[in-house]
Amino acid sequence: MRALILWIMSAGAALAQDPLTAEEFLDLLEGRTARFVDFNSGNLVGTEEFLRRDRSVWARANGTCAYGLVYIEDGAVCFDYDDDPPGVSHCWVPFTQDEKIYVLSTRSGQIQQIEEINEDGVSCEPPALS
């Protein structure tokens, strides 16, 4: 994970970052909903409702939804969604910069910013299947 953080720094994407552990990230979001936007474009990626520490509903920007199993692996917060092929995980390293929360994909290097945290939940069209 340290190499990944150094990669971000060398890429210039997060020069003044502060650590945020996966546990702290889940503590902050459990029972709440986060709106994620792409760091570079500012476009909505999706909204995730953290039902419990180990379960979420991901509502993509296109309106489709999936249930996710949430777990911590090697310091990253990982999600296995019910509509992904078996063995596909999405893992993110959380960090803060200028009092904003970001996540970095361990697979693609994409950075997303949490634009908003609220208590609203998500709307799915059609309803998510589990």
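**Strand pairing and the nonpolar core**

In the strand pairing towards the end of the chain, V103 stands opposite Q112, a residue of strand β9. The model in which this pairing appears is a predicted one. Strand β9 covers residues 111–118 and pairs with β8 in the antiparallel sense, the two being connected by three bridges. These two strands also form a hairpin, with five residues between them, and G109 in the turn of this hairpin has a positive phi of about 85 degrees.

Taken as a whole, the secondary structure of the chain comes to two helices and nine strands, and the order of these elements along the sequence follows the pattern α-β-α-β-β-β-β-β-β-β-β. The chain has 130 residues, of which 40% are buried. Its accessible surface amounts to about 7200 Å², and carbon and sulfur atoms account for 50% of that area. When contacts between residues at least 6 apart in sequence are considered, 43% of them join residues at least 24 apart.

The pairing of neighbouring strands can be followed from β5 onwards. Strand β5, which comprises residues 65–73, pairs with β6 in the antiparallel sense over six bridges, and within this pairing Y81 of β6 is the bridge partner of G68. The hairpin of β5 and β6 has two residues between the strands, and D74 there adopts a positive phi near 55 degrees. Strand β6 in turn pairs with β7 (residues 90–97), again in the antiparallel sense, over three bridges, and C78 is found opposite C91 of β7. Because five of the six residues of strand β6 (residues 76–81) are buried, this strand is largely enclosed by the rest of the structure.

Strands β7 and β8 run antiparallel and are joined by six bridges, with S105 in β8 serving as the bridge partner of W92. The hairpin that they form has two residues between the strands, and D98 in this hairpin takes a positive phi near 50 degrees. Strand β8, made up of residues 100–105, is mostly covered, since five of its six residues are buried. One residue of strand β8 is L104, which has a relative accessible area of 0% and is therefore buried. Although L104 and V93 are eleven residues apart along the chain, a distance of 5.0 Å separates their C-alpha atoms.

The interior of the model was examined next. The largest nonpolar core contains 18 residues, and those that touch the most other members are F25, F36, F50, V77, F79 and I114. Two or more residues are given to this core by each of α2 (22–29), β2 (33–38), β5, β6 and β8, and the greatest contribution, four residues, is that of α2. The surroundings of F25 extend to residues from many parts of the sequence: with its neighbours within four places set aside, F25 is in contact with L20, F36, F50, V77, P94, I101, V103 and I114.

Aromatic side chains were then considered as pairs. A pair of aromatic rings is described by the distance of the centres and the angle of the planes. Seven aromatic pairs are found in a search of the whole structure. One of them is formed by F36 and W58, which meet edge-to-face with 6.1 Å from centre to centre and 65 degrees between the planes. This pair links distant parts of the chain, as F36 lies in strand β2 and W58 in strand β4 (residues 55–60), 22 residues apart. Both F36 and W58 are buried. A further edge-to-face pair is formed by F50 and F79, again at 6.1 Å centre to centre and with 65 degrees between the planes. Since F50 belongs to strand β3 (residues 44–52) and F79 to strand β6, this pair ties together parts that are 29 residues apart in sequence. F50 counts as buried because its relative accessibility is 1%, and F79, with a relative accessible area of 4%, is buried as well. Ring pairs also link F25, F36, F50, W58, F79 and Y81 into a cluster.

Terms used. Residues are numbered from 1 along each chain as its sequence is written. This is a predicted model: local features need pLDDT of at least 70, side-chain atom pairs count only at pLDDT 80 or more; totals for chains, interfaces and linings use all residues. Side-chain values use heavy atoms; hydrogens and water are left out. Buried means under 20% relative accessible area, exposed over 50%, partly exposed in between (1.4 Å probe, protein chains only). Two strands pair if DSSP finds at least two bridges between them. A nonpolar core is a set of buried Ala, Val, Leu, Ile, Met, Phe, Trp, Tyr and Cys residues joined through side-chain atoms within 4.5 Å. Contact means heavy atoms within 4.5 Å. Accessible areas come from the Shrake-Rupley method with a 1.4 Å probe; for residues, only the protein chains shown count as cover. Rings of Phe, Tyr and Trp (its six-membered ring) pair if their centres lie within 6.5 Å; planes under 30 degrees apart count as stacked, over 60 as edge-to-face and the rest as tilted.
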